[in-house]
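Please look at the structure below with its sequence beside it. The report that follows goes through a few chosen places, one after another.

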Amino acid sequence: MPVVEFLTDEEASAYGRYAEVPSRADLERVFFLDDEDRALVERRRGDHMKLGFSLQLVTVRWVGAFLEDPLEVPTAVLDFVAGQLGIADPSCVKKYTERTKTRFDHQWEIRRAYGLKEFATVEADLRAWVAARSWTTGDGPKAIFLDAVGWLRERNVLLPGVTTLARLVTNVRDETTRRLWDVLEGLLTVGQRYVLDQLLEVPPGSRISDLERWRKGPVPRGSGPTLIKALEQVAEVAGLGMSELGPTVWCRRAGWRSWPSTGCTRTPRSSVVTAIAAAWPRCWPRSPSWRPSRSMTPWNYWTC
């Protein structure tokens with residue numbers, strides 16, 4: 001089972017660490033030690049201390065977090081940093097981890113010198129940002145997760161564990177979705193609720209409900225009769241009178257680019273059907289009796 005449901009194992013394992021060897025251009029841009037960096041490095045005694053400290057410094061600058069093993073860096077990074085320090089034997093850095101407390105002391109010094117923030121100090125702000133993003137867009141958890149990483153990096157915040165950030169995104173997004181359903185259900189009158197509930201019932205003599213019939217639609221053929229059946233079905237949905245609830249808004253907020261077949265068991269069913277009924281008639285003929293002419297192409301059957 002993956003560590004995070006919406007990330008692949010490769011994406012989860014690459015989070016907060018070296019996913020690949022930095023290019024030469026990246027080495028010169030990000031891993032270059034300027035005068036301020038060198039002033040901090042020169043406070044260390046011994047080549048192994050200077051090199052180990054430098055590796056932690058450039059690593060947090062590149063991946064946004066300190067590694068559990070500060071020496072778990074690509075050889076190209078080790079050689080590039082050692083070359084800047086004039087250290088002929090980069091393997092001396094192995095002695096850097098002999099004393100565990102050293103790397104933590106150096107991490108604290110780097111955090112203080114470069115103004116790096118702990119995740120806990122901005123967690124509330126990030127939750128608010130994720131909530132706003134979830135409410136106003138149809139982006140999935142992966143897109144929000146990746147942008148949340150960028151949000152943290154822009155603010156000099158050390159990345160939390162991958163499961164911590166993923167859990168925050170998932171929980172806030174679920175809370176926002178529930179809030180959306182509550183607002184949507186609150187727009188219904190008693191009569192509208194009854195009409196929508198009937199869509200979920202299987203009529204006598206039928207095997208499926210009207211909602212399922214609409215979902216399946218006519219047989220996907222490019223014939224005129226099939227297109228007419230599709231338009232008649234759209235007219236049926238438009239006849240429910242739900243389009244006044246705001247078709248585009250609800251469809252986008254719910255994040256539906258296709259039929260919302262998941263999540264129905266976790267939300268009020270009237271909310272789900274309301275969103276479908278409000279969003280579906282995005283494009284429909286001006287009257288139920290409208291029929292396409294023979295000269296029209298399938299692309300201009302719709303009014304939108």
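In this predicted model, the side chains of arginine 133 and aspartate 147 are joined by a polar contact of 2.7 Å or less, namely 2.6 Å. A polar contact of 2.7 Å also joins the side chain of arginine 133 to that of aspartate 139. The two contacts are set out in the table.

| Side chains joined | Polar contact |
|---|---|
| arginine 133 and aspartate 139 | 2.7 Å |
| arginine 133 and aspartate 147 | 2.6 Å |

Arginine 133 itself is found in helix 7, which covers residues 123-136. Is this arginine buried or exposed? Arginine 133 has a relative accessible area of 15%, and because buried means under 20%, arginine 133 counts as buried. When residues up to four places away in sequence are left aside, arginine 133 touches Ala143 and Ile144 as well as the two aspartates, Asp139 and Asp147.

Threonine 163, placed in helix 9 (residues 162-186), has a relative accessibility of 32% and therefore counts as partly exposed. Its C-alpha atom is separated by 10.0 Å from that of glutamate 5, although the two residues are 158 residues apart along the chain.

Helix 6 runs over residues 100-114, and its 15 residues reach 22 Å from the first C-alpha to the last, which is close to the 21 Å expected at 1.5 Å a residue. Which residues of helix 6 are buried? They are Thr102, Arg103, His106, Gln107, Glu109, Ile110 and Arg111, and these buried residues pack against helix 3 (35-41) and helix 4 (47-63). Just after helix 6 comes glycine 115, which takes a positive phi of about 65°.

The largest nonpolar core has 30 residues, and those with the most contacts inside it are Phe31, Leu51, Leu55, Val77 and Val81. At least two residues of this core are supplied by each of helix 2 (24-30), helix 3, helix 4 and helix 5 (75-85), and helix 4 gives the most, with 7 residues. Apart from this core lies another, of 24 residues, which has Tyr15, Val157, Ala166 and Val172 among them. What does leucine 51 touch, not counting residues up to four places away in sequence? The residues that leucine 51 touches in this way are Leu78, Val81, Ala82, Leu85, Ile87, Pro90 and Val93.

Definitions and conventions
Residues numbered from 1 in each chain as written. Predicted model: local features only at pLDDT ≥ 70, side-chain atom pairs only at ≥ 80, totals over all residues. Heavy atoms only, no water. Helix = DSSP H or I, 4+ residues; strand = E, 2+ residues; numbered from the N terminus. Expected span 1.5 Å × (residues − 1). Buried < 20%, exposed > 50% of the residue type's maximum accessible area, 1.4 Å probe, protein only. Contact = heavy atoms within 4.5 Å. Core = buried A, V, L, I, M, F, W, Y, C linked by side-chain atoms within 4.5 Å. Polar contact = N/O pair within 3.5 Å; in protein donor to acceptor, adjacent residues only side chain to side chain.
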